[in-house]
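Work through the exercises below with the sequence and the coordinates open. Each task is followed by a solution in steps.

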Amino acid sequence: IIPQKTESLSEEPKENGENFSNPSEKRIVVQPPIIANEIPNSKTDEILIKAQPTVTMDQCKFMVNRDLLPGLSWYFADFESAAGSPLAESLFSVEGVETVLVHESTVTLTRADKSSADWRPIAREIGAALREKLQSGKAYISEEILRSIPREEEVRNKIQEVIDSEVNPGVAGHGGRITLTKVVGNAVTIQMGGGCQGCSAADMTLKQGIHNAFRKALPAVGAIYDETDHKSGLNPYYS
């Protein structure tokens with residue numbers, strides 16, 4: 001894994017490799033640096049890995065051209081929770097890795113050291129650990145975990161129950177609301193509205209409050225995504 005120049009700020013790549021742009025519309029696309037020079041391609045036997053930090057640099061997503069957990073996801077909160085899952089165990093062996101989220105063909109990591117914004121020092125080690133496990137041909141996730149993942153309808157019902165009974169009553173005092181927009185397998189997507197949209201504390205609230213509430217009620221929930229456009233919020237309660 002080696003550094004690569006950031007993509008153009010005025011164009012986004014299509015899946016087939018071509019670029020497009022709308023000359024009649026000015027756009028600003030903010031992109032974090034890509035720490036890879038390979039784009040996953042399922043048509044090759046070679047194992048390809050692409051790493052890209054989030055805009056806030058607190059997480060880094062590693063995309064591979066292999067199915068890791070098809071249609072499902074799993075969140076490993078610490079090394080102990082990775083017991084019996086070779087892929088997660090290997091990733092936690094890299095110094096500095098705090099949490100591991102496996103979702104279909106991607107792995108998203110967080111670090112214990114929040115003071116550094118540069119993922120490159122450990123990206124190479126993470127890539128090597130991923131490649132080694134992918135080449136082994138063995139199971140990536142423990143059978144016990146796979147058996148514990150509930151049906152999609154059960155995930156939807158339980159998460160909606162938590163939103164209605166705990167989360168929304170908690171944010172209502174700030175004029176906020178949380179909507180469950182999508183459930184795929186055991187991965188959920190939410191959207192913040194009202195006072196939560198554009199709130200400077202929304203990111204912290206999402207990670208520390210909503211995530212904890214979801215995982216406490218349903219430990220088998222996997223990826224939790226927020227599709228809120230916070231930039232267009234009015235931010236009426238926080239500065």
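**Exercise 1.** Decide how far strand S7 is enclosed in this predicted model, and state which residues lie on each of its faces.

Solution. Start with the count: six of the six residues of S7 are buried, so the strand is largely enclosed by the rest of the structure. Next, split the strand by face. In a regular strand the side chains alternate between the two faces of the sheet. In S7, one side carries Thr106, Thr108 and Thr110. The other side carries Val107, Leu109 and Arg111. Both faces are covered.

**Exercise 2.** Identify the strands that pair with S7, and give the sense and the number of bridges for each.

Solution. Take S4 and S7 (residues 106-111) to begin with: they run antiparallel and are joined by five bridges. Within this pairing, Phe62 stands opposite Val107, and Lys61 has Thr108 as its bridge partner. Then take S6 (residues 97-104), which is also antiparallel to S7 and is joined to it by six bridges. Here Val97 faces Arg111 across the pair. Finally, check the connection: S6 and S7 form a hairpin with one residue between them.

**Exercise 3.** Sort the residues of strand S4 by face, then trace the pairing of S4 with S3.

Solution. S4 spans residues 59-64. Its covered face consists of Cys60, Phe62 and Val64, while Gln59, Lys61 and Met63 make up the uncovered face. Now turn to S3 (residues 49-53), which pairs with S4 in the antiparallel sense over five bridges. One contact to locate is Ala51 of S3, whose bridge partner in S4 is Phe62. Phe62 thus appears in two pairings, opposite Ala51 and opposite Val107 in S7. To finish, inspect the hairpin of S3 and S4: five residues lie between the strands, and Met57 takes a positive phi near 65°.

**Exercise 4.** Is Gln135 buried or exposed, and how far is its C-alpha atom from that of Ile47?

Solution. Locate the residue: Gln135 lies in helix H2, residues 120-136. Then apply the cut-off, under which a residue is exposed over 50% relative accessible area. Gln135 has 57% relative accessibility, so it counts as exposed. For the distance, take the two C-alpha atoms: Gln135 and Ile47 are 88 residues apart along the chain, and their C-alpha atoms are separated by 8.1 Å.

Terms used:
Residues are numbered from 1 along each chain as its sequence is written. This is a predicted model: local features need pLDDT of at least 70, side-chain atom pairs count only at pLDDT 80 or more; totals for chains, interfaces and linings use all residues. Side-chain values use heavy atoms; hydrogens and water are left out. Buried means under 20% relative accessible area, exposed over 50%, partly exposed in between (1.4 Å probe, protein chains only). Helices (H or I, at least four residues) and strands (E, at least two) are DSSP runs, numbered from the N terminus. Two strands pair if DSSP finds at least two bridges between them.
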